[in-house]
Amino acid sequence: MKGFTFKEPSELEQASDFLRDGSGGYILAGGTDLVTEMKQGIIEPHLLVSTSQIKEMCNIEWNQSGVKIGSMVTLSDIANSESMKIKLKSLVQATGSIATPQIRNIATLGGNLCQRPRCWYYRNSRFDCLKKGGAKCFAVGGSDKYHAILGGHSCYIVHPSDSGTALVALNAKVEIYRKSQRIIIPIVDFFTGPEIDVTRENILEPGDILISIHIPNESMAGSSVFLKAKERKSMDFAIVSVASMVKIENEIISQVGLAVGGVAPVPWKLNTLESKLVGMKKEDVDIESLCSGVFNDAKVMGQNGYKLHLAQTYLERALNLVLANSN
Amino acid sequence: MDSHLTSDRVDMDDNETTTKFIVNGREYSLKIDNRYTLLDILRDHLRLTGAKKGCDLGECGACTVLLDGKVVNSCQILAARIKDKDIRTVEGLSQNETLHPLQLAFIENDGGQCGYCTPGFIMAAYPLFESEEELSTEEIKLSLAGNLCRCNAYGSIIDSVAYALEIKTNE
Amino acid sequence: MSEQSTHTPAVGTSYIRTDLEGKVLGTAEYTADIALPNMLHARVLRSPHPHANILGIEIGSATKLDGVFDVLTPFNVPEGKVAPDVPILDSRVRFVGDEVAVVAAVDIDQAKAAIDLIEVCYEVLPFSTNVHDSLNSASFPIHSEGNLVNGGPLIESRGSIKEGFDQADYVVEDSFTTPDHHPASLEPRAALASWDGTRLTVWKPSRGIHADKNILASALGLSPNNIAVVGPAMGAGYGSKDETRTSVMAALLSIRTGRPVKLELDREEEFLAGRRRHSTYTEIKMGLKKDGTITAVHAKTIMDTGAYLSSGPGVVRRAGQGILYLYKCANVKYEGQLVYTNTPTAGSYRALGAPQGHFALESLSDKASEILNMDPLEFRFKNHVGPEGQPGERTTPRNQIIDTQPVEGGVPFSSNELRQCLKLGAEAIGWDRRDYIENAAGPIRRGIGMSMFIYRGGPGGQSNAEISLDQDGLFTLNVGFMDVGEGSSTVVIQMAADTLGIPPAMVRINGGHTDKTPESPMTAGSTLTFSAGHAAMQAAKDLKDAIINASLKLIGLGDSEGLYLTPNGVKSKCGESISFLDIVHNAGPIKTLASVTPGSKDYIVNSFGAHFAEIEVDTETGHIEIIKYIAVHDSGRIINPRLAEGQVRGGVSQMMGFTFLEDMEIDPHSGVALNASFLEHKSPTIMEYPEIEVIFADSIDPIGPFGAKSLGEPPCIAPAPTIANALYHATGVRINDLPLTPDSVLLAMKNLL
């Protein structure tokens, strides 16, 4: 690790200023991913800007349109929130399934969304891979068991964020501070795949700060579920995950959100399946037949073909659960 | 005091932090290189070596301590982030040679083999001991899910924590 | 009734682990916890190439860096050897992570900065990351003698397999692979060395401080008398922490700088430069008669030993033990090849080659039972080796101690309760209901499987123990072995105390310092309790006699009959007594040293056992849940039930990694270990821990100390085949390749493996 300066501003503008020149400063949220990357020599910040003193980033605010979760709210605060257990089950399940109790106590929602991939070539400083500005993707023709079956382009990482998968299915929005302005965009547009820019996973530019995550009332009115397949029952990232949200009104599916994690460089929204389901009568839903073919576009690599079957199974199970829970 | 923290090198004020914090009820003030973690400070500077460096990446829990009452991996907490924090380590558990019930329980139930994970497990279990709730075995396991035991003494560890909780109920 | 009979035996009780208090207080001192004044910190530069010659190293910029005291390279170290194929530093590197140079500096950050300034000129060589490439005739030799160790396999046989297969009505065969998982002890390797001008002291986690001392002496060209090795508390090794390049490098830096030097490996280095388990590919064949008798067993195993030899020969031999000896059979042959690859070195990891060998053997046995239309348990009952041993002629001369890993027939076991283990386990799991298990509708399938094992263990090499009655009236046991966390110190105290006839609380143990303890073997091959136990018992018996003799003179009695020890001293049946303190004040402290080479000329001493498991398989996700696990062990007399149970539960749980999760992933194009971390090399967490019922067979071994046999490693042998057999029963799908990760199981369910 190289030495670095530490700043802890109390205003968004200050924080943004420190980072805007793009010369190698990073935001320090919980630090559970950042500090690891620093210790492994993947990044060498000369400046860390802590956002833990920026009040609006640290609060949960329930208002008329829904809930606004500050990006500095910890994963355990979300997972333990009684109101969220009722209204945002999938988000509680997702955040509660991440890593370990120790990590959840300091890791933040924003940090979880912005964390870098776990690809073992990316995480190893011996490989100068495409994502790090190098010339090739070593997973291609290499050890690709944990790599993408969808949306891979030149790079085949899978997005590691469970909260991202859950929030995409909840049709969440993110509020970003950029050049003294605030912009609010759908979370599905926050994430970017390698075809846009292989060196990053979201649209944040130097100086941008992810302020908060907004979930609308409509997404909280139905039922939601998050299922995560792992190799170990603790610590592991998802090998496949599925987040689903469904709202039934008068026996008709009026809202639906479906996203798959662990299969693509971004949380993978199932737009086609969602549009099929909206407007359907709940009793008419034949899950198996509706879900067949959902992953027809998948491109399996050398060792990750199991993800196809796992994603199919978890998708069907998640839909089953969320429909059964919606009354 | 270990020499490597008061190095006779070029002054790096910009890359250092001066911070006040509490460990096991005692107040400290340090000027320290920003790169150091709470684990480094505990082990090298304060010579409290109960917390162990099993991986330094937050993947094993051997460095678990309490930070403002919350269970954390001390290797993931940068020096600048401990300002005004109340930190508790395994060394702060026993009072005047009287073992904490958790420590007694681990001895009674053979909760440690090589012992390297033991301080981390005890600290991870501490909030359970403090809480008023009655806990199932599954809930105990979930709270300890961030701590690795390579000797795999998990059975005895679960027994130890359950035993400590029972002692507490019977008090 | 004499007072003698009021001594409550400690053997057989769950006496509390002696060193546990320090561990729960956080005051137990491990190597990395020790700091000495003026201590320097060392850091290793490791090879980025899987195979290369180092043509030159430029260390000028590194040595000039502020706070850097020394840099070792292959070109400036003495020519000593750490192991026959491992010089202190070598100008040939053989895996990614192999040591190239070492820096000592005031702190670890300066050491790392200096590492970055070292320039190395490599001549990259062709490399191989798997045994098939290594064995290819065109492959580049990793060591001068070629990639197949000894140029050919280890071959062990009894009878004639040709005859055996000729007699067979059926032949069943298959091939199996096992992974190269890592022990990944929670404490990474470390060493602290301090040279005071004439004497070297080294603190390091060790399972054999005397052996380590001798290696340091020979590598550095020092007299062993000028070296002290101290074993602090040890964060386990599971057989493999005797790697002394770490301590030799630290020692050399200390000698050259005149300051203490600490070298701590980080987690990635522990994975790379530690010792993994040998991965294997085994082809195994069994000949069977219609009535279920086994007529021949033939197995060929190829083991990947990585870049260096380490304990490979012992491991490849151990992989044949089950194949050669578990089933009663006149005709058996085992061929074990040990092959170099440019990957992290493999070494000893709990139970050595036995888990690998038994996985193949016990999986095939279930296959054999199916061909015979026989219940797998019945198959074991019919064919397991009995107390009388294997058929055939004894070849070891009658006046020689029998090897605990024999091939010969005609020698009985000192004790063999395998049959009892099978019965107890079958009853505990409810084997009777196996054929009637009902599966609910849906993807979940339930099954029950079992396997059994044999393991050497017991007699090791010569073992020494010293015991004394001290000035304070208490006793001290000095043994040169290390309690690596398995409780050997506690167990040996119990044995010594019972031999003396005093409470174990009166016996202290001094391990861990070569100056203060007699020569002792390593804590290895489950031999410790046996060898050290016998030595401690002998020393205790001799001390008891010496104390009684001293008392005789002091009390003024004629003969020793009727004199016995109590917690307070020596008493005579006539009621006369003298306290230990008085004995010591008059006769001085009394000390005895015993040296034993335990073993038997008449019997083989082996441990046995059988494991049973009931599992549930989600055939749509590949996840396996263990519903019930029963581990039955014949390890003779159980000296300390709680510690013993801990060893069994721990060993079974640890091998859930081998069975389900762990495998070192080496990138084939670069030789880089991709998962050298706790996150990616997936060791079981508490959430994986299954409920394990431990049953000890009723068994007292006539040779073992207090009747005990080995227990440290046996629990690791049966888990994998037990689960694989249960998986087959549950789903009709047999998987021959470990680990049974969800993706493997899922693809196998879909017939896509």
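Let's start with what helix α2 of chain B packs against: its buried residues sit against α3 (118-130) and α5 (154-170) of chain B, together with α1 of chain C. That makes a handy way into this predicted model, since the packing of α2(B) involves elements of both chain B and chain C. The helix spans residues 101-108 and is mostly covered, with six of its eight residues buried. Those six are P101(B), L102(B), Q103(B), A105(B), F106(B) and I107(B). After the helix comes D110(B), with a positive phi near 55°.

**Chain C against chain B**

Follow α1(C) and you land in the interface of chain C and chain B. Here 54 residues of chain C are in contact with 54 residues of chain B. Which three residues of chain C supply more of the area buried against chain B than any other three? They are V24(C), L186(C) and I686(C), and together they account for 18% of what chain C buries there.

On the polar side, R35(B) and D109(C) join their side chains in a salt bridge, at 4.0 Å from N to O. Helices α1 (20-25), α3 (108-117) and α17 (641-661) of chain C each bring at least two residues to the side that touches chain B. Of the elements there, α17(C) gives the most, with eight residues. By class, that side of chain C splits into 27 nonpolar, 15 polar and twelve charged residues.

**Chain C against chain A**

Chain C also touches chain A, through 35 residues of its own and 26 residues of chain A. L674(C), L679(C) and K682(C) lead here: they supply 19% of the area that chain C buries against chain A, more than any other three residues. K682(C) turns up in a salt bridge too, its side chain meeting that of D236(A) at 3.3 Å, N to O.

Two helices of chain C, α8 (267-273) and α19 (742-749), are the elements that give two or more residues to the side touching chain A. Which of them provides the largest share? That's α19(C), with four residues. The side of chain C that touches chain A has 16 nonpolar, eight polar and eleven charged residues.

**The two interfaces in numbers**

Here are the areas and counts for each pair of chains. The polar contacts are residue pairs with both partners at pLDDT 80 or more.

| Interface | Buried area | Carbon and sulfur share | Salt bridges | Polar contacts |
|---|---|---|---|---|
| Chain C and chain B | about 4500 Å² | 55% | six salt bridges | 28 residue pairs |
| Chain C and chain A | about 2700 Å² | 56% | seven salt bridges | 14 residue pairs |

**How chain C is divided up**

The domain assignment gives chain C three pieces of sequence bookkeeping: domain 1 (20-26 + 460-596), domain 2 (39-125 + 187-235 + 241-273) and domain 3 (279-458 + 602-752). Taken over C-alpha atoms, the centres of domain 1 and domain 2 of chain C are 38 Å apart.

Lay those bounds over the interface residues and things link up. V24(C) is one of the three leading residues against chain B, and domain 1 includes the segment 20-26. D109(C) is the partner of R35(B), and the segment 39-125 belongs to domain 2. As for K682(C), the partner of D236(A), the segment 602-752 is part of domain 3.

Conventions:
Residues numbered from 1 in each chain as written. Chains lettered and ligands numbered in written order. Predicted model: local features only at pLDDT ≥ 70, side-chain atom pairs only at ≥ 80, totals over all residues. Heavy atoms only, no water. Contact = heavy atoms within 4.5 Å. Buried area = accessible area lost by both parts, 1.4 Å probe. Polar contact = N/O pair within 3.5 Å; in protein donor to acceptor, adjacent residues only side chain to side chain. Nonpolar A, V, L, I, M, F, W, Y, C, P; charged D, E, K, R; others polar. Domains from an automatic or database assignment. Buried < 20%, exposed > 50% of the residue type's maximum accessible area, 1.4 Å probe, protein only.
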